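This note is addressed to a colleague meeting the structure for the first time. Please view the chain before reading the points below.

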Amino acid sequence: TEGGQPTCRQVGHLVFCMGILQVPDIHEQNEPVARLPQHLCPHRPRTFCTEGPEGPAWLEIDCKGGIFCNQSIAGSLSLAGVVFVVADAGAAVAAAAAPSVQ
């Protein structure tokens, strides 16, 4: 994570995020503070508890890659431990988990 920029890497059907996301001092509650590239969007909206500037903070990533957090959060937000199934793999994962009918 050179320069403090967060990174997300896809490994198989999973996306692993790491690094620090800088949240602007002023942001709207229903507007994303950052956006993931389209090919790294989650299969369904995901919520994570992560380390914020003043302790634990909630982070949500929607199916379009928008990253949201509480309006009161400003500063550094850790993406360590943020792992999810990538959208294009969602159907394959669901099919693999479904019982087979013979």
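The numbered points go from the overall fold to the sheet, the hairpin and the core.

1. Status of the model. The structure under discussion is a predicted model, and the remarks that follow should be read with that in mind.

2. Overall make-up. Nine strands and one helix make up the secondary structure of the chain. Along the sequence the pattern reads β-β-β-β-β-β-β-β-β-α, so the helix follows the strands, given that elements are numbered from the N terminus.

3. Burial, surface and contacts. The chain has 102 residues, of which 34% count as buried. About 6,400 Å² is exposed, and carbon and sulfur atoms supply 54% of that area. When contacts between residues at least 6 apart in sequence are considered, 59% of them join residues at least 24 apart.

4. The three-stranded sheet. Strands β1, β2 and β9 form an open sheet in the order β1-β2-β9, and their pairing is antiparallel. The edges are taken by β1 (7-11) and β9 (83-85); each has a single partner strand, so one side of each is left without a neighbour in the sheet. From one strand to the next, the twist averages 25 degrees.

5. The β2 and β9 pair. Strand β2 covers residues 14-18 and runs antiparallel to β9, to which three bridges join it. Which residue of β9 is the bridge partner of Val15? That partner is Phe84.

6. The β5 and β6 hairpin. Seven bridges link β5 (residues 46-52) to β6 in the antiparallel sense. The connection between β5 and β6 is a hairpin through two residues. Across this pair, Cys49 stands opposite Trp58 in β6.

7. The nonpolar core. The largest nonpolar core comprises 20 residues, and those with the most contacts inside it are Leu21, Ile61, Ile67, Leu77, Val82 and Phe84. Two or more core residues come from each of β2, β3 (20-23), β6 (55-61) and β7 (66-69). The element that gives the most is β6, with three residues. Phe84 thus appears in two settings: as a residue of this core and as the bridge partner of Val15.

8. Surroundings of Leu21. Where in the sequence do the contacts of Leu21 lie, leaving aside its neighbours within four places? Leu21 is in contact with Pro6, Val33, Ala34, Ile67, Gly75, Ser76, Leu77 and Leu79. Among them, Ile67 and Leu77 are also listed with the residues that have the most contacts inside the core.

Definitions and conventions
Residues numbered from 1 in each chain as written. Predicted model: local features only at pLDDT ≥ 70, side-chain atom pairs only at ≥ 80, totals over all residues. Heavy atoms only, no water. Helix = DSSP H or I, 4+ residues; strand = E, 2+ residues; numbered from the N terminus. Buried < 20%, exposed > 50% of the residue type's maximum accessible area, 1.4 Å probe, protein only. Contact = heavy atoms within 4.5 Å. Areas by Shrake-Rupley, 256 points an atom, 1.4 Å probe, with all protein chains shown as cover. Pairing = 2+ DSSP bridges. Axes fitted to C-alpha atoms, helices over the stretch in contact; angles between N-to-C directions. Core = buried A, V, L, I, M, F, W, Y, C linked by side-chain atoms within 4.5 Å.
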